[in-house]
Amino acid sequence: MENSRAMTLKERWEWFRYDIKMSRTYYLFLLPYALVFITFFILPVAISIWYSFTYYNIFEPAKFVGLQNYTNLLLGDDVFLKAVTNTLLMAVITGPVGYLMAFIFAWFIHGLPRFLRAFAVLIFYAPTISGNVFMIWSLIFSGDQYGYINAMGRNMGLISGQPKYFLTDPTFMMPVILIVILWMSLGNGFLSFVAGLHTIDRSQYEAGYIDGIRNRWQELWFITLPNMKGMLLFGAVMAITQSFSVADVTRELCGFPSTDYAVHTIVNHLVDYGSLRFDMGYASAIATILFLIMIICNKYIQKGINRIGK
Amino acid sequence: MKTGIRQTRSIGGNIVVYLVLILFGAFFAFPLVFAINNAFKPLNEIFLFPPRLFVQQPTMDNFYDLFTIMSRSRITFSRYIFNTVFITAAGTFAHIIVASMGAYVVSKYKFPGSRLFFKVVIITLLFSPHVTAIPNFLIMNRLTWVDTYLAVIVPAIAMPIGFFLLKQFMDTVPMTLIEAAKIDGAKELSIFWRIVMPTIKPAWLTVMVFSVQNLWNARATNFIFSEELKTLPYALGQIIGGGVQRAGVGAAVTMFIMIVPLVVFISAQSNIIETMANSGIKE
């Protein structure tokens, strides 16, 4: 194809049609995936946005109510505002801290001798793979004498009198949940970092030493990080997804609803209205707001990562 | 003059690195060590006061109890195992084939819409399953898939992270390999099956691990209501919910659930690292 002269609209259309016709095989290859993907990942978002403007309880047909769900959420629902505060707090702490931990551990592990590396990766990644094992924390933090923290605290004389109700007393619930989330947070971003460090060309470091790089921090900032931008972005996407969609952990450890809604999250609220109260319109509005928050976060983080090494 | 990596590594710094790794390693490993130890504890040790981390007299009692309880229940334990194994195997297999086919053409050929499609896939990496759960239920309902295996298996086929990783890995496969086969007269399907799939083995092994993790842990209580179709994690959750008298069995259950994804991960670890090396998101 030559581009020396601008194509007219008609020519362009013809070319486009020709392009599509020639690509028939490719479309056929993509079709099965695209079909399932669109049905279960794209369509749900569209449906969710549509229902967020309606009153819909599954039994009756949906009624269009305009922005009412949104105004109710933002102006009339104290529990939702509590959930937003909690979720933002969790995201602001566990997102960056989890992300940094994932990178620092991956970086430290990379410096280990080869035989230790695979083992260390397994140890740090294990909480992510093992699914519902976080339930173990409910035993560790249990509010009676069988709770390990309570028992240890007693033996060491740190806790006296009544055992502490770590999972039901609002003063302790948030810190406990933060610890558990951080424990589970290394995830796929961590694996991506480990792999990224593994593949940076050795010669770049040697060139760096000649250029006068003197310590591991300079090495990190000028060579390692700029080489890993893509992975850093992938890790950030994973961190956002995880830190904004906390729900199972709070439900399993602190119950649902938790005492005084102390660890109630946006997703908890969504499940409450969607699966228990069958107010689908309201639940959809919650989902839409959550999704918007995540997309905005993602945009800002992308900008930040582009500044690395400059 | 010394050059190379030693120069940038102070001894003090190395000590800090090891200390941090050991300390945090203990934090990350603790609950897992705890779970494994508890599974082998006799009941009196589980309720020992003050509690101990390590098992004193290991026993298999908890596992025997687990099997007696499950074989006496209305739906036998083997049925739950079958459901989860079937869902995991079928979903993972279909996911690998379908996602690889799509990722192959998106990576190797330019056609109208291919770039846009991949961008959309990257955005969906942000979705948590809770956000799409309600509309998904409505769609399943329309398709009359509620209360069938399909409701769990089919959405798993399109897991965006799988497509993403396969495409990124596929980008590193030289186009010449494919062109050479074309000159020999091979059709796309046979190129895909005989050349592409063997070349990207590390990628689909990785995707297999993620898919197994996802499906093996699926409770699927949103979509499946018939007891005989329910999954293993659901059944095991019921046992743990049995409270104090089931504490020993609960520990056995926890370990049982945990072990399968762990073993799959360990056996594919080197492939996973190779694949994740291409996980970077490019602008």
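The following exchange walks through a predicted two-chain model, from its overall form to single residues.

Visitor: How are residues and chains labelled, and at which pLDDT do local features count?
Guide: Residues are numbered from 1 along each chain as its sequence is written, while chains are lettered from A and ligands numbered from 1 in the order in which they are written. Because this is a predicted model, where pLDDT is the predictor's confidence in each residue, from 0 to 100, side-chain atom pairs count only at pLDDT 80 or more, totals for chains, interfaces and linings use all residues, and local features need pLDDT of at least 70.

Visitor: What pLDDT does chain B average, and what share of its residues score at least 70?
Guide: For the model, the scores are ipTM 0.86 and pTM 0.85. Chain B averages a pLDDT of 84, and the share of its residues that score at least 70 is 94%.

Visitor: What is the radius of gyration of chain A?
Guide: Chain A holds 15 helices and 2 strands, which are DSSP runs numbered from the N terminus (helices H or I, at least four residues; strands E, at least two). Its C-alpha atoms fill a box of roughly 85 × 70 × 35 Å, taken along the principal axes. The globule rule, 2.2 Å times the number of residues to the power 0.38, is compared with a radius taken over C-alpha atoms. For 310 residues that rule gives 19 Å, and chain A is more spread out than a compact globule because its radius of gyration is well over that, at 25 Å.

Visitor: How far apart do the C-alpha centres of domain 1 and domain 2 of chain A lie?
Guide: The bounds, which come from an automatic or database domain assignment, divide chain A into domain 1 (1-51) and domain 2 (70-305). The C-alpha centres of these two domains of chain A lie apart by 37 Å.

Visitor: Which helix of chain A gives the most to the side that touches chain B?
Guide: Counting two residues as in contact if their C-beta atoms, placed from the backbone, lie within 7 Å, 84 residues of chain A are in contact with 74 residues of chain B. The helix of chain A that gives the most to this side, with 17 residues, is H2 (residues 24-51).

Visitor: Which helix gives the most to the side of domain 1 of chain B that touches domain 2 of chain B?
Guide: Chain B is divided into domain 1 (5-66) and domain 2 (72-276), and their C-alpha centres lie 30 Å apart. The contact takes 12 residues from domain 1 of chain B and 9 residues from domain 2 of chain B. On the domain 1 side, the helix that gives the most, with 5 residues, is H3(B).

Visitor: How many of the residues of helix H9 of chain A are buried?
Guide: A residue is buried if 20 or more other C-beta atoms, placed from the backbone, lie within 10 Å of its own, exposed if 12 or fewer, and partly exposed in between. The buried residues of H9(A), including Phe190(A) and Val194(A), pack against helices H4, H5, H11 and H12 of chain A together with helix H13 of chain B. Helix H9 (residues 187-199) of chain A is mostly covered, the buried count among its 13 residues being 11.

Visitor: Which helix gives the most to the largest nonpolar core?
Guide: A nonpolar core is a set of buried Ala, Val, Leu, Ile, Met, Phe, Trp, Tyr and Cys residues joined through C-beta atoms within 7 Å. The largest one has 160 residues, and those with the most contacts inside it include Phe190(A), Val194(A) and Leu166(B). The helix that gives the most to this core, with 13 residues, is H13(B).

Visitor: Is Leu232(B) buried or exposed?
Guide: Leu232(B) is found in helix H12 (residues 232-240) of chain B, and its C-alpha atom lies 8.2 Å from that of Phe77(B), although the two are 155 residues apart in sequence. With 25 other C-beta atoms within 10 Å, Leu232(B) is buried.

Visitor: Is Asp260(A), with its positive phi, buried or exposed?
Guide: Most residues other than glycine have a negative phi, and most peptide bonds are trans. In the loop between H13 and H14 of chain A, which holds Asp260(A) and also Pro257(A), a cis peptide bond joins Phe256(A) and Pro257(A), with omega about -5 degrees. Asp260(A) has a positive phi of about 55 degrees although it is not a glycine. With 12 C-beta neighbours inside 10 Å, Asp260(A) counts as exposed.
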